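Subject: A structure for you to look at

Hi there,

Here is the structure I promised to pass on to you. Please open it and keep it beside you while you read.

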Amino acid sequence: MMFGTAGMRSTMGPGFSRMNDLTIIQTTQGLCRCLEKSFPDIKDRGVVIGFDARAHPPSGSSSKRFARFAATVLASQGIPVYLFSRITPTPLVPFTVSQLKLCAGIMVTASHNPKQDNGYKVYWSNGAQIISPHDKEIAKAIEENLQPWSESWNDKFVDSSSLIKDPYEDMKSKYLECLQKHCFHRDINKETKLKFVHTSVHGVGHEFVQAALASFNFTNLLAVPEQKDPDPEFPTVKYPNPEEGKDVLKQNKESSSLKKIYMLSSTVSSKILQAIALKEGFHFEETLTGFKWMGNKAKELIDKGNTVLFAFEEAIGYMSTEFVLDKDGVSAAAIVAEMASYLATKNTTLTQQLKAIYEEYGYHLSEASYFICHKPEIINQLFQNLRNYNETNQYPKICGSFEISDIRDLTTGYDSSQSDKKAVLPTSKSSQMITFTFKNGCVATMRTSGTEPKIKYYAELRAPPGNSDFEKLKEELNDLVNALVEYFFQPDKNGLTSQPA
C-alpha cells in the first residue's frame, strides 16, 4: 500500500497492504514526524480529523475507529487535535484547516470506492490536498516510523486528553454562515414551486445538504428515503459512485474586473469553460487530474489577489466557493438549486440553459468510461504499444479513420503541440496518461486510475459555435470512441473487462 494521491486507499482488513489499525498508526506516526519538521508551532496550531460512516465488521475496522487511532498518535505527541465527534462530509476538513489556521487535516474516507475499501486523505496548511514534495516527505517519514510507539495503541486516550477538541457544531455553523454569502436570490428560493430531490447514496451528506438548502430559504426539500441514512453496506447500489454559470460573469463584465477572474478544470474534463473564457475575457486554467491540483492552483491564484469563481472535474466534483479548496457537493447542491429556481422565473430549465450555452459557445459532447485490468504488466504494455505503435517507434498518426494532430504524454513529458516538445503540465513516470488531439476537434485521454485497477478514457468533441446538429456530432463522437476502443485498447487481445452496464 503506497502513500500517494493525497493519501492512501485500500481494502479494510488485516495485512500490511490493507487499511487497519496498524497501518493507520504507522501512517499517522510518519505524518506526525513530517508535520513536526515542517511546522515548529504545530503544538500551538494542531490538526483536524474527520471520518465518514464506512465500516468492515469482519475485521472490526471503521472510519471512526481509524480516526480515533490517528488522533491518539498525534495527541500522544502533544499535538492538539480537532476530532469531529460525528460523521462529516469531506469538505468540512479542509474548511476547518483554513478557518482555524491548522497545520494539516486528515479525512478517513474512500470517497466512491467499493464498500470494503477505506482511505486516508491528507490536507496541508493551505487547505488543499497535499501534492509533491509533501507526499514524498510523508511517505519517507512513514517508512522511518513503522514501529508503533507505546502510546499509539491506547485509543482510550482520546476520551480523556485535554488536547482533543470537538469542532463539529462550531464548524458546521461557520460553514453555513460562509455559504450564505453565496446566496443571491433568497426571496425567489423561498417562493419557488420547484421541488428538489437529494440522495446521499448511503453516504454522510444528508444532514449537511438539507441544512445548506434550508440556509438558502428552500422549503421543498425531498430526500430519497432508501438512501438518505449512512449505511456502510450501500445496500441499494452496486458501487457508491456518482459517476455510475454564465450569470455570475454579468456582475463583473468590465474587462478590468475579468482580468482577475479565473475558472479551473482538470485536463480530462470538458473544456467548455475555456470556450467561454475566450469569448468573455476571464482566465481559464487547466490542471492535472484531481482536486489536489485544482485546490492548490486556486490557492496560488487567490493569494495573488485573483478570484476563483469555479473549478470542476468530470467525475464528479465542483468547487463553487473559495472557502473550501476541494470538491464540495454540499455548497454545489445549494448553488445549483438557486440557479434552477432563478431560471424558473425566466421560464427556463437547467437543460435549456445548458443548450443555450452550447449554442453560444459551441457544443462540447463528452463520453467517459473505463476498462478493468488487474495485471499491471498488461496495462504498462498497452501504453508502451501506443508509444511504439505498430513497431514504428512512434505514436500513432491515426485511430481508425480519424487523423491525429497532436499527442501529449504526461508519463514521458512529451507534447507535440509545444515548440520544444515538452509538456507544460507536471509529469509522472509512476502513472500512465496519454492525450490525443484529433483533426475533427475531438480530444481523447487514456489514463490509469490512482486508486483502482482501471484504465479510464475521456473523449470530448468540441464543435465551433454554429455547428448545432447534435445528433450528427454525437454520432461522430461515438464513432471515434469505438475506434479508440478497437485500435488502442484492444480489450479482447489484452483481456480487459468493460465498465459494468
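Below is what was found in it, sheet by sheet, with a pocket at the end. Please keep in mind that this is a predicted model.

**The six-stranded sheet**

A good place to begin is the open sheet made of six strands, which follow the order 1-7-6-2-5-8 with mixed pairing. Its edges are formed by strand 1 (7-11) and strand 8 (164-165), each of which pairs on one side only. Further in, strand 6 (residues 104-108) and strand 7 (residues 117-123) are antiparallel partners joined over four bridges. You can find this pairing by looking for Ile106, which stands opposite Val122 in strand 7. Helix 1 packs on this sheet, where it touches strand 1, strand 2 (47-51), strand 6 and strand 7. The direction of helix 1 makes about 5 degrees with that of strand 7.

**Two helices that pack together**

In general, two packed helices are described by the angle between their axes and the distance between the axes. What are these values for helix 1 and helix 3? Helix 1 (residues 21-38) packs against helix 3 (residues 63-76) at an angle of about 35 degrees, and their axes are 9 Å apart. The crossing of these two helices is right-handed. On the helix 1 side, the contact involves Asp21, Ile24, Ile25, Thr28, Gln29 and Cys32. They meet Arg65, Phe66, Phe69, Ala70, Val73 and Leu74 of helix 3. Sorted by type, the residues of this contact are eight nonpolar, two polar and two charged.

**The four-stranded sheet**

Next comes another open sheet, with four strands in the order 12-11-13-14 and, again, mixed pairing. Why do strand 12 and strand 14 (317-319) each have one side without a neighbour in the sheet? Both stand at the edges and have a single partner strand, so one side of each is left free of a neighbour there. On average, neighbouring strands of this sheet are turned by 15 degrees against each other, with direction ignored.

Inside this sheet, strand 11 (residues 261-266) and strand 13 (residues 307-313) run parallel and pair over five bridges. Here Ser265 stands opposite Phe312 in strand 13. Two helices are worth finding next. Helix 12 (residues 272-280) lies across strand 11, strand 12 and strand 13, and runs at about 155 degrees to strand 12. Helix 13 (residues 291-303) also packs on the sheet, touching strand 11, strand 12, strand 13 and strand 14. Its direction makes about 175 degrees with that of strand 13.

**Strand 15 and its partners**

Strand 15 (residues 364-372) pairs with strand 21 (residues 454-462) in the antiparallel sense, over nine bridges. Within this pair, Tyr370 has Lys456 as its bridge partner. Strand 15 is also joined by two bridges to strand 22 (residues 497-498), again antiparallel. There, Phe371 has Ser498 as its bridge partner.

**A pocket**

Finally, have a look at the second largest pocket, which has a volume of about 440 Å³. Which residues lie nearest its centre? They are Thr267, Glu286, Arg408, Asp415 and Ser417, out of a lining of 19 residues. At least two lining residues come from each of strand 12 (283-287), strand 17 (402-409), strand 19 (433-438) and strand 20 (442-448). The lining divides into five nonpolar, seven polar and seven charged residues. Strand 12 thus appears twice in this tour: at an edge of the four-stranded sheet and in the lining of this pocket.

Enjoy exploring, and write back with any questions!

Best wishes

Conventions:
Residues numbered from 1 in each chain as written. Predicted model: local features only at pLDDT ≥ 70, side-chain atom pairs only at ≥ 80, totals over all residues. Heavy atoms only, no water. 1 Å grid on protein atoms, 1.4 Å probe; cavity = no way out; pocket = protein on both sides within 12 Å on 5 of 7 lines; lining within 4 Å. Points joined across faces, edges and corners; volume = space filled by probe spheres on them. Nonpolar A, V, L, I, M, F, W, Y, C, P; charged D, E, K, R; others polar. Pairing = 2+ DSSP bridges. Axes fitted to C-alpha atoms, helices over the stretch in contact; angles between N-to-C directions. Contact = heavy atoms within 4.5 Å. Left-handed = near helix turned anticlockwise from the far one by under 90°.
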